[in-house]
Amino acid sequence: MQIKLKDGSVKEYDAPKTVYEIAEDISSGLARMACAGEIDGAIVDLRTEVQKDCELNIVTVNDKEGLQVIRHTASHVMAEAVKRLYPDAKVAIGPAIEDGFYYDFDHAPFSRDDLDKIESEMKKIIKEGKPITRFTLPREEAIAYMKEHQEPYKVELIEDLPEGAEISFYDQGGFVDLCAGPHLMSTKGIKAYKLISSSMAYWRGDEHKAQLQRIYATAFNKKDELAAYLEHLEDIKKRDHNKLGREMELFTTVDVIGQGLPLFTPKGTKMIMKLQRWIEDLEDNEWGYVRTRTPLMAKSDLYKISGHWGHYKEGMFILGDEEKDKEVFALRPMTCPFQYYVYKNAQRSYRDLPYRMGETSTLFRSEDSGEMHGLTRVRQFTISEGHLVIRPDQTEEELKGCLELAYYTLSTLGLQEDVTYRLSKWDPQNKEKYLGDEQYWESTQDALRKILVEKELPFVEADGEAAFYGPKIDIQAKNVYGKEDTMITIQLDCAIAENFDMYYIDENGDKIRPYIIHRTSMGCYERTLAWLIEKYAGKFPTWLCPEQVRVLPISDKYNAYADQVAAELKQNGVDVTVDSRSEKIGFKIRAARLDKLPYMLVVGQQEEADGTVSVRSRFAGNEGVKPLAAFIEQICKEIRTKEIRKELPEEEKAK
């Protein structure tokens, strides 16, 4: 047989050989680095026997796929270590993931001391360097094998496989685990690893099933790569909005109020108010929106007309019992059906369209407790919601406008480089979940696809992510831990106007059904604030800061002048405070730096005499003495233009 290698050369063999044997034949060095094989584009185990002509690539520790194999093997080593230390623990699943691996165990919660003990036991297993072998069993024998070893979660996994399936296992010197592979040839191939944390996880992600303990870990081929990653994790912890936002006193949560119901402090409230006022003025004054204000709840009748009662009831907070109460209400999970009745309040002509309605909408969704995190996923949230009632011939222009508005808001916030775009489509395998037929979905999806292509925005397509009434452009972003969330959405709906008997009068006097665009210009304020905290590590652009300037009098003698400076800044719309504490100026400066303030103004005898301020900024350090009027002009321009000033390196600040 002829084996074509990656470099184009060809190896010929008279008998079948494993991928590992071929790697050894090429070079012993390659065999030492080998993690897996790639046969005709498919990743396979090193133990896989090659029996016919093919193209073969040896996957090494330097390849992304090779790193996945290292991590997958490390997860088995971790499972063996847990079983050695805690024999009663039951193993569940342990896959490699983007930044490492995890394994779920039916066991009491693991402490940091437990994780350290498991790490030490892993070191022993790796040092033993036992060869890892693969074997298979028929499905029924595999079930019996795992029952004998009292591993109920493995039994359940096998039982879900088809009858007659051949089940593979890996044995690393006595510890046997159900696995499809691939794996390293020996535990010695694991060079650098670290157990990161432990948390609760539901079996198969189902909150109605067993609560397991998940250990998160990572592994790399080299110790310096691991060290760099751990340093990265420390930076992530510093940026985590759920930690940093609380430390900066932007928000908090209270058990007796409830999970997913954050309380915003004056600082956090001021930031959200700045975002909200900006978006409302932007939409109303520059993009032609009218503003609405609609109820936070409605009778179930409304949601039945819209279709949400049938498609989304499980995600709603219901007030009342349909079997007992004459009227059942629900807190709104969306604003669209309310705004439809604003549109219907008067008869509309084709000349009135597009009719763009905007609302700062507080919404409620019954999120699972395991899904909630900080401000990114909550049960009550507020969004910059809008609905555009349009003529069919206005579809392309208005979709472009929505996308341009979204991009403008992202650019102003400095977030435009941090997003990806997704065309969220229906699932043709589950047509009963959606309104409309196949032609409807293909045409509406094509309309959104065309806009993305024309705007030259790279995007992915995802089946099953559409709303039940229409496809979406979802603008996605990841938090510091790599979890992706939808930040902004633009949806095309050509069906639901029928449910509400919405129409406009065309130039011939006929009643015509309009199309509707559901969109957000910035998305959820809570989620956006979380994103901004992590993006800027709390060092926000000046215009967004709840405290933009702090005046620092050198001593109590200059408090009156400090108050005068603050008063003039306030008159110009600047958020300013005075630190009049009887502390040394160095202490006050350090405190302002720790609070991540954009500007501090030091004032003393000379500044009072000259009507000046000594400017220190987060961006450039000591900016020197300036006339107060000049500083006011500078900062007001920065706030007005929403400039994002860059910070100089510390060595340049010190000059």
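The chain folds into 20 helices and 35 strands, in a model that is predicted. Along its principal axes, the C-alpha trace spans about 90 × 75 × 60 Å.

Next comes the question of how the residues are placed between inside and surface. Of the 655 residues in the chain, 51% are buried. Here a residue counts as buried when its relative accessible area is under 20%. The area that the chain exposes is about 31700 Å², and carbon and sulfur atoms supply 48% of this area.

Contacts show which parts of the sequence meet in space. Taking contacts between residues at least 6 apart in sequence, 68% join residues that are at least 24 apart.

The charged side chains can be counted as well. There are 91 positive and 114 negative side chains in the chain. The centres of these two sets lie 5 Å apart.

One sheet can be followed strand by strand. It is an open sheet of 3 strands, in the order β19-β21-β20, and the pairing is antiparallel. Which strands stand at the edges? They are β19, residues 297–299, and β20, residues 318–319. Each of them has a single partner strand, so one side of β19 and one side of β20 are left without a neighbour in the sheet.

The pairing of β19 can be traced down to residues. Strand β21 covers residues 329–331 and runs antiparallel to β19, with 3 bridges joining the two. One of the residues to look for is Ala298, whose bridge partner in β21 is Ala330.

Terms used: Residues numbered from 1 in each chain as written. Predicted model: local features only at pLDDT ≥ 70, side-chain atom pairs only at ≥ 80, totals over all residues. Heavy atoms only, no water. Helix = DSSP H or I, 4+ residues; strand = E, 2+ residues; numbered from the N terminus. Buried < 20%, exposed > 50% of the residue type's maximum accessible area, 1.4 Å probe, protein only. Contact = heavy atoms within 4.5 Å. Areas by Shrake-Rupley, 256 points an atom, 1.4 Å probe, with all protein chains shown as cover. Lys, Arg positive; Asp, Glu negative; His and termini not counted. Charge placed at Lys NZ, Arg CZ, Asp CG, Glu CD. Pairing = 2+ DSSP bridges.
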